[in-house]
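Welcome, and thanks for taking a look at this one with me. I have put together a few notes to help you find your way around.

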Amino acid sequence: MKSFWLSLFFVFIVLCGISYGFEVTGIQPVDPYGVFSTFSAESLPRGKVALSAGSEVSIDPDFYRFVFKSAYGITDNLEILLTVPYVFGNDTTDGFEDPAFGLKHRFFDEGRYGPSLAYVLNASLPSGRSQLSTDGRYGLGLVISKRIGPVNGHLNLFYEKAGSGDFEDDISFLAGLDFAASHNFKFLAELYCKKSHDSGKLDSVEGRIGYRFTTTDFIYTTFGAGFDLKNRNPETRIIFTVTFLSPAEKKKIKKIYEEE
């Protein structure tokens with residue numbers, strides 16, 4: 001198992017060292033079922049809902065992005081996702097990106113030695129501002145997750161095809177982990193590599209770190225920062241997200257009285 005993870009890690013490093021580029025938000029995970037953009041194979045329990053509101057501040061290039069995310073657990077291993085990004089403060093234009101819909105299905109549960117596996121089907125509607133849109137898109141992703149002690153690691157591979165033939169296909173590699181420092185606090189780390197729709201080679205390489213704490217049993221707050229590892233201008237991204245999950249049902253306590 002160690003050799004498997006090391007091999008994938010070196011593949012990421014080699015591929016990520018090739019070049020640099022631009023991004024479109026696309027489908028995103030809701031907390032705590034992901035790191036920042038990296039999906040976990042875990043999903044919402046059946047009938048549970050997650051609503052998330054977040055913001056990003058990008059420095060060089062300078063802009064702001066507000067992201068609304070939602071998810072619903074159809075079954076314990078199948079959930080639907082929605083991501084709606086809005087960009088403002090940009091030199092080009094302000095407005096919505098294409099909203100993205102997704103379906104995540106965990107088809108293999110984690111065992112003693114093996115990881116859990118899931119796939120993500122996603123599509124975006126061509127309804128965003130033309131400067132922030134690829135005329136829709138659709139794609140497929142593979143998600144691998146494995147817990148080792150307090151560390152939960154995730155690997156993602158995504159392929160997406162733009163709605164317009166003027167754009168290249170997107171290919172994304174993501175590696176993320178969360179470390180449970182306490183029952184309500186986790187450290188987060190993520191490596192994000194992407195060949196975007198306007199490039200023929202990998203053009204975006206970003207390292208992200210942060211933390212997440214559980215305010216209550218159903219509220220998760222995440223802070224993070226991303227750093228461009230390719231150009232080192234530096235391009236910096238500040239991330240803040242609050243996620244609300246539908247509360248867990250309280251278990252009824254049965255009282256047993258013994259007759260005297």
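The points below go from the whole chain to a strand, a buried histidine and a group of aromatic rings.

1. Please keep in mind that this is a predicted model. The protein has 13 strands and one helix. The helix comes at the N-terminal end of the order, and the strands follow it: α-β-β-β-β-β-β-β-β-β-β-β-β-β.

2. Some overall values set the scene. Of the 260 residues in the protein, 46% are buried. Its accessible surface is about 13900 Å², and carbon and sulfur atoms hold 62% of that area. Among contacts with a separation of 6 or more, 54% are between residues 24 or more positions apart.

3. A good place to begin is strand β1, residues 49–59. In a regular strand, side chains alternate between the two faces of the sheet. You can follow this in β1, where A50, S52, G54, E56 and S58 belong to the covered face, while V49, L51, A53, S55, V57 and I59 belong to the uncovered one.

4. Which strands does β1 pair with? One partner is β2 (residues 63–75), which runs antiparallel to β1 and is joined to it by ten bridges. Another is β13 (residues 236–245), again antiparallel and again over ten bridges. To find these pairings on screen, look for A53 with its bridge partner F68 in β2, and for G54, which stands opposite T241 in β13.

5. The turn from β1 to β2 is worth a glance too. Three residues lie between the strands of this hairpin, and D60 takes a positive phi near 60 degrees.

6. Next, is H154 buried or exposed? This histidine sits in strand β8, residues 151–162. H154 counts as buried because its relative accessibility is 2%, and the cut-off for buried is under 20%. Its side chain makes a polar contact of 2.7 Å with the side chain of S145. Beyond its neighbours within four places in sequence, H154 also touches a range of residues, including V35, T38, F39 and S40. Others on that list are I144, L174, A175, G176 and D178.

7. Now to the aromatic rings, of which the structure holds eleven pairs. F185 and Y211 make a stacked pair, with 5.5 Å centre to centre and 20 degrees between the planes. F185 lies in strand β10 (residues 185–195) and Y211 in strand β11 (residues 204–216), so their pairing ties together parts that are 26 residues apart in sequence. F185 is partly exposed, at a relative accessible area of 23%. Y211 is also partly exposed, at 32% relative accessibility.

8. Y211 has a further ring partner in F223: this pair is tilted, at 5.5 Å centre to centre and 35 degrees between the planes. The two residues are twelve apart and link distant parts of the chain, with Y211 in β11 and F223 in strand β12, residues 219–228. F223 is partly exposed as well, at 31% relative accessibility.

9. Which residues form the aromatic cluster? F185, Y211 and F223 from the points above belong to it, together with F187, F213 and F240.

10. One last ring to visit is that of Y192. R208 lies over the face of Y192, at 4.4 Å from the ring centre.

Methods: Residues numbered from 1 in each chain as written. Predicted model: local features only at pLDDT ≥ 70, side-chain atom pairs only at ≥ 80, totals over all residues. Heavy atoms only, no water. Buried < 20%, exposed > 50% of the residue type's maximum accessible area, 1.4 Å probe, protein only. Helix = DSSP H or I, 4+ residues; strand = E, 2+ residues; numbered from the N terminus. Pairing = 2+ DSSP bridges. Contact = heavy atoms within 4.5 Å. Areas by Shrake-Rupley, 256 points an atom, 1.4 Å probe, with all protein chains shown as cover. Polar contact = N/O pair within 3.5 Å; in protein donor to acceptor, adjacent residues only side chain to side chain. Phe/Tyr/Trp six-rings, centres within 6.5 Å; stacked < 30°, edge-to-face > 60°. Lys NZ or Arg CZ within 6 Å of the ring centre and 35° of its normal.
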